[in-house]
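I opened this notebook to record what I looked up in the structure shown below. The entries follow the order of my queries.

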Amino acid sequence: LSNIFGIDTSALQAFQQAIEVTSNNVANASTPGYDEETIELNTADPQLTGGIDIGAGVDVSGVQRSYSAAAVNQLNTSQSSLGQLTSLQSYTSQIDNLFGTTAGGLTTALQNYYSGWSAVADDPTSTAARQALIGDAQALAQNLNTTSSQLNEMNSDVNTRITADVQQVNSISTQIANLNTQITQASGDGQSPNELLDQRDQLVSNLSQIVGVSTTSNSDGSINVYIGNGQPLVLDQNTYQLSTVANQFNASQLEVASSTSDGVAISGQITSGDLGGLLAARTQAIDPALNQLGQLATTIADSANTQQASGLNLNGELGSAIFSVGAPTVSASSANTDSTTATASITNVGALTSDNYLLTYKGGAYSLTDTTTGANIALAGTGTSADPLTASSVGLSIVLSGTPASGDQFLVQPTTQAASTIGVSLTDPSGIAAAGAVESSASDANTGSATIGTPTVTDATNANLLNTTTIQFLTPTTYEINGAGDYTYASGGDIGQNGWQVQISGTPAAGDTFTVQSNGSGSGDNTNALAAANQDTQNILGNGTISISGAVSALISGAGAQAQQVNTAQTAQTAVNTQAQDNVQSISGVNLDDEAANLMQWQQAYQASAQALSVANGLFTNLLDAVNGTYT
Amino acid sequence: MRVTQNLDQAQFLTALNQLESSISSSQNQISTGLSFTTASQNPVGAGLVSGYNQVLAESQQYTTNGQSATDSLNIEDSALTQLQDQLQSLRSLALEANSGTESAQDLSDIATQAQQIQGSLLSVANTQDGSGNYIFAGYSTETQPFALNSTGATYSGDQGQRQVQIGAGQTVVIGDNGDAVFNQIKTGNGSFNVTAASGNTGTGLIGATSVTNPADYVAGTYSIDFTAADAYQVENSAGTVVSTGTYTSGQAISFDGMQVTLSGAPATGDSFTVAPSTDQSIFTTVQNLVSALQNTTSSSAGQAQLSNSITNAVNSIDQALDNTQTVQASVGARLNTITTAQSVGTAQQTQLQESISNIQSLNYASAITSLDSQNTTLSAAMQAYTLTEGLSLFKYLS
């Protein structure tokens, strides 16, 4: 009979525990990372009673959590991709908003600047028009400065977020290692430490949002966590901390290093999670935008300055530069073993690209690689100031202070700083070179009908450009220049001297003279201003295939297309992630209706067991009464 | 699939966020009237619109340039009309002086009138535009180009011709330099000029001259010498006699592809020089005319000399009138070019604005319809959620 009490007591205890598990499920229905738990009941070992096996009640064998490693891994991977796209998107859309449909007002600033030149061409001696042009040039330079400083701010924001992410990764790694210790201890008694496992899973999930991780399980219940190409974060109870280090070429950009990588950046291996997105935003969105803007700034400045130098200002001097712009930057790697420095200059703005280049000295030879395309760039020269290294296909020349050590590297950034350094160096309105350098005239004594055209400057650096040159016809078919030579005349053919070129056409008579001379001061000539006003539509960039206005349009649609692509990918990944979350929820989540039904089931079972106990109690009382003779 | 309350809620929140973001985007479109405000919403369209806007701004600049060029050319046109009027008056005066009936006093009065015309010509030559720029100074627009001197006028301008861009790759010349308008005027008939030697004692007068056969014409210096009152010979600069003949008043003398008509009674030893035309400033022509009128003698030879000087002056004035008409015709042609370019520009601007509008402007009907449907979906989603959210078995536990 006492067996009945044993059975009932075990049942009461079991159902009480079952109600506890159900209550715990309900209590944690909204707890992140909580996996629904179910109680596992077994029949107790039967007892042999009078040769017959009779059950001995119910045993609680354990509490299981509803958990699918496959579903959780899938969710973690998906979260890493989503984290990467989300942080990348936060920058691509910032750039998209910054550029808008006008490249941050650049199109307007450019239009105003070139209209400014047109206004000077309409009235070359007007100080008001010249002053307005200088104002337009300043507004253009400021627009480029502002836009590039906003891009630079994004880069410092990236640094801040990388630092924060690394701290968080380290903190989570430590917590996982601690949980590994606790779980190993708790698993010792054969019970599953569900709550600790839930917590650790939640930490791995949080970690996967910051950086893509892979995990392996150990037999003692602990796990190992790796990032990148197998860089360990957690091995059993040990953590390997991440740190931030300065980029080898650019101390203002932070990279990620591991305590197992000897301070060498492993950023290249981090391609997913928030951290992967931050690194991608820098290399794929912010830096390229800065470089493209810089390429525009360099082209605008160079073409305007070249035009200035080909014309005369109001004082009758060749124009000086209107824009100042920073030279290309060349940074030696912090890993270089030699202190050689290098400088670069732009030799051909038309061949310039918006890419960066890596100069390597190895085995006694230099090589130059485009860091965007990986292409090898042909080099000539030896790198001395007398014989610079020239990469004519990309319009660069590089001078080194000496011979570097083998293996030394230099990063050449031709345009990165240009948009932030561009400024207007011309402040005097009379300094604007609206006039052509030289003008032509025919002598009043000419008897032939030949006419002379407007001279064009072919080489503004010619020291004799402004000298007076006389072209005199010896016969209707031959002429001499400044008394020298006997050249054959062809109507409309080019006649060049001292860096200019002019055409004479028609029929000259012997003795006819034409003069080409400096335009002088205070000239109302607008030849040079006309040429400058037209520069936005001249195909200057891309080896003479793209105009400045075309490049601005390409900048806008390029940034827009990138933002659109990232937005689309982010939306798609959100859907994938939602599905993965749904999948995990579906397996591990708490359904309150389930719990309510369970509660009722356990309650009824408990009530029934209690009833059975009461019956057993009655039987026992009856028996005692019978024995005591009180039974009537 | 097993659905939990958390899942239900998360799905509802995701849907809600998406719907609200679509509604916000639609509202932004409707309030700006643009189908996209950042390039990511339409990268290709944004690139096109940026390109179109730049072409539009250029085209509008060309229109402005064209207006400024039209103003300049109109000022030049009216200056050239004044110049023609003055030249016509001068021509009439010269012909009046050549009538042979004028007294010395009359001639002196005519000279005074010619000097007044010289002043008017100077003021035309120094015309300034609205900004105070001299229009006939070439590039030297701030320098007064012409100043009278004893032999005519000095020119301080240059031969520059300013150009204005009125279309893509299309420029128009505004203004013509003073050298071309006032100085580069050919003497004589434009090919050659005949002058009487100052020591002529007869009354030979220079008449019509012309190139009769351009193929035979040799531009050189010749001298027509009268070996007798009725015989002449024509010698070239090398001293070779190219023609001889008997002189008859009013009959053309022909040689080397040209002919010269002389009239009157030249004396033996008189000579006339034929030389290629050279450029002579209109101011020099007037100055020469004035000094001829003032220094006349009453002898028959003196009268002939005056008459020959006036003939030379009238020839030069005719050349100047020709030249002015040519310049004015080219000004008119340039004004036409500008007008054409302006109308092309206007059409282009309209076209560009339409293209920009096609790409960027919002189709309100479709935007409002889609906002309406988004609103409907949002309120339906909210209702559905409140309905299912209230369902729980716990409600029935008691």
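Before reading burial values, I fixed the scale: buried means under 20% relative accessible area, exposed over 50%, and partly exposed in between (1.4 Å probe, protein chains only). I am working with a predicted model, in which local features need pLDDT of at least 70, side-chain atom pairs count only at pLDDT 80 or more, and totals for chains, interfaces and linings use all residues. Residues are numbered from 1 along each chain as its sequence is written, chains are lettered from A and ligands numbered from 1 in the order in which they are written, and side-chain values use heavy atoms, with hydrogens and water left out.

**Entry 1: salt bridges within the chains**

I took a salt bridge as a side-chain nitrogen of Lys or Arg within 4 Å of a carboxyl oxygen of Asp or Glu. Over all chains, the structure holds 10 of them.

I looked first at B:Lys186 and B:Asp279, whose closest N and O atoms are 3.1 Å apart. The pair links distant parts of the chain, 93 residues apart: B:Lys186 sits in the loop between α4 and β5 (192–196) of chain B, and B:Asp279 in the loop between β12 (271–276) and α5 (282–294) of chain B. Helices (H or I, at least four residues) and strands (E, at least two) are DSSP runs, numbered from the N terminus. Is B:Asp279 buried or exposed? B:Asp279 is buried, at a relative accessible area of 15%, while B:Lys186 is partly exposed at 21%.

I then found A:Asp274 in a salt bridge with A:Arg161 (3.2 Å, N to O). A:Asp274 belongs to helix α6 (residues 273–309) of chain A and A:Arg161 to helix α4 (residues 127–187) of chain A, so the pair ties together parts that are 113 residues apart in sequence. A:Asp274 counts as buried at 17% relative accessibility; A:Arg161 counts as partly exposed at 26%.

In chain B, I noted B:Asp318 and B:Arg91, with closest N and O atoms 2.4 Å apart. This pair joins helix α6 of chain B to helix α2 of chain B across 227 residues.

**Entry 2: B:Gln325**

I located B:Gln325 in helix α6 (residues 300–360) of chain B. The residue is partly exposed, with a relative accessible area of 40%. Its side chain joins that of B:Gln84 in a polar contact of 3.5 Å (a pair of N or O atoms within 3.5 Å; within protein, one must be able to donate a hydrogen and the other to accept it, and residues adjacent in sequence count only if both atoms are side-chain atoms).

**Entry 3: the interface of chain B and chain A**

How many residues does each chain give to the contact? With contact meaning heavy atoms within 4.5 Å, chain B gives 52 residues and chain A gives 64 residues. I counted two salt bridges between the chains. A:Asp594 and B:Arg2 meet in a salt bridge (3.4 Å, N to O) through their side chains. The rule finds 29 residue pairs in polar contact across the interface, both at pLDDT 80 or more. On the side of chain B that touches chain A, α2(B) gives the most, with 13 residues.

**Entry 4: helix α11 of chain A**

I checked the buried residues of α11(A), which include A:Trp602 and A:Ala616. At the start of α11(A), a side-chain oxygen of A:Asn591 reaches to within 2.8 Å of the backbone nitrogen of A:Asp593. After α11(A) comes A:Gly629, whose phi is positive, near 75°.
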